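Grab a pencil and work through these exercises at your own pace. Try each task before you read its solution.

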Amino acid sequence: MRTRGKDSLVGELEMEYVELSSNRLIMTMPVGSKTRQPAGILHGGASVALAETAATMATAMNIDPQKFNPVGMEINANHIRSKTDGVVTATATPFHKGRTTMVWDIQITDENEKLICVARCTMAVVSK
């Protein structure tokens with residue numbers, strides 16, 4: 001399932017949604033020239049972009065999009081293992097789903113389910 005808009009960071013980094021539900025969101029991103037740092041490994045910022053995108057969409061699945069927008073408030077990430085090519089998969093699950101904030105656990109793994117990055121993202125639910 002392709003994401004919307006090639007004119008966005010999501011489109012430029014070729015992120016794709018695999019599973020969308022109110023309690024789990026899975027998406028993938030290829031590791032290649034667009035996502036590598038000069039040393040040839042997956043850029044930490046690309047991993048964080050994937051993690052926040054997963055948390056944003058997971059939050060969106062839990063709110064009324066006619067009344068609210070999901071907005072990132074805080075994110076932290078630990079980069080566990082490097083990756084030079086292939087695909088990484090982000091899985092977001094909730095720590096907290098409140099009326100005005102949500103907190104998501106995002107684990108990014110490789111094709112062999114080895115942990116690449118762990119992140120926690122706090123999202124604000126903002127009235128339109």
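Buried means under 20% relative accessible area, exposed means over 50%, and partly exposed is in between (1.4 Å probe, protein chains only). This is a predicted model, where local features need pLDDT of at least 70 and side-chain atom pairs count only at pLDDT 80 or more, while totals for chains, interfaces and linings use all residues. Residues are numbered from 1 along each chain as its sequence is written, and side-chain values use heavy atoms, with hydrogens and water left out.

**Exercise 1.** Sort Glu14 and Glu113: which is exposed and which is partly exposed?

Step 1: find them. Glu14 sits in the loop between α1 (9-12) and β1 (16-20), and Glu113 in the loop between β5 (101-109) and β6. Helices (H or I, at least four residues) and strands (E, at least two) are DSSP runs, numbered from the N terminus.

Step 2: check the areas. Glu14 has 33% relative accessibility, so it counts as partly exposed. Glu113 has 70%, so it counts as exposed.

Step 3: look at the backbone. Glu14 isn't a glycine, yet its phi is positive, about 60°. Glu113 isn't a glycine either, and its phi is about 65°.

**Exercise 2.** Work out what order the elements follow along the chain.

Step 1: count them. The chain has 2 helices and 6 strands.

Step 2: read from the N terminus. You get α-β-β-α-β-β-β-β.

**Exercise 3.** Compare the span of helix α2 with the expected one: what do you find?

Step 1: α2 covers residues 44-60, which is 17 residues.

Step 2: the expected span is 1.5 Å times one less than the number of residues. For α2 that gives 24 Å, and the helix reaches 24 Å from its first C-alpha to its last, close to what's expected.

Step 3: list who's tucked away. The buried residues of α2 include Ala46, Leu50, Thr53, Ala54, Met57 and Ala58. An α-helix has 3.6 residues a turn, so residues three or four places apart point the same way.

**Exercise 4.** Decide whether Leu42 is buried or exposed, and say which residues it touches.

Step 1: Leu42 lies in the loop between β2 (25-31) and α2.

Step 2: its relative accessibility is 9%, so Leu42 is buried.

Step 3: contact means heavy atoms within 4.5 Å. Leaving aside neighbours within four places in sequence, Leu42 is in contact with Met29, Val31, Thr35, Arg36, Gln37, Ser47, Lys83, Val88 and Ile116.

Step 4: try a distance too. Leu42 and His79 are 37 residues apart along the chain, and their C-alpha atoms are separated by 9.9 Å.

**Exercise 5.** Put two threonines in their strands, and explain why each counts as buried.

Step 1: Thr109 belongs to strand β5, while Thr122 belongs to strand β6 (residues 115-127).

Step 2: Thr109 is buried because its relative accessible area is 18%, and Thr122 is buried because its value is 16%.

Step 3: check the contacts, again skipping residues up to four places away. Thr122 touches Val71, Gly72, Met73, Glu74, Met102 and Val103. For Thr109, the partners include Val87, Val88, Thr89 and Ile116.

**Exercise 6.** Zoom out: what share of the chain is buried?

Step 1: of the 128 residues in the chain, 37% are buried.

Step 2: the C-alpha atoms fill a box of roughly 40 × 30 × 25 Å along the principal axes.

Step 3: among contacts between residues at least 6 apart in sequence, 57% join residues at least 24 apart.
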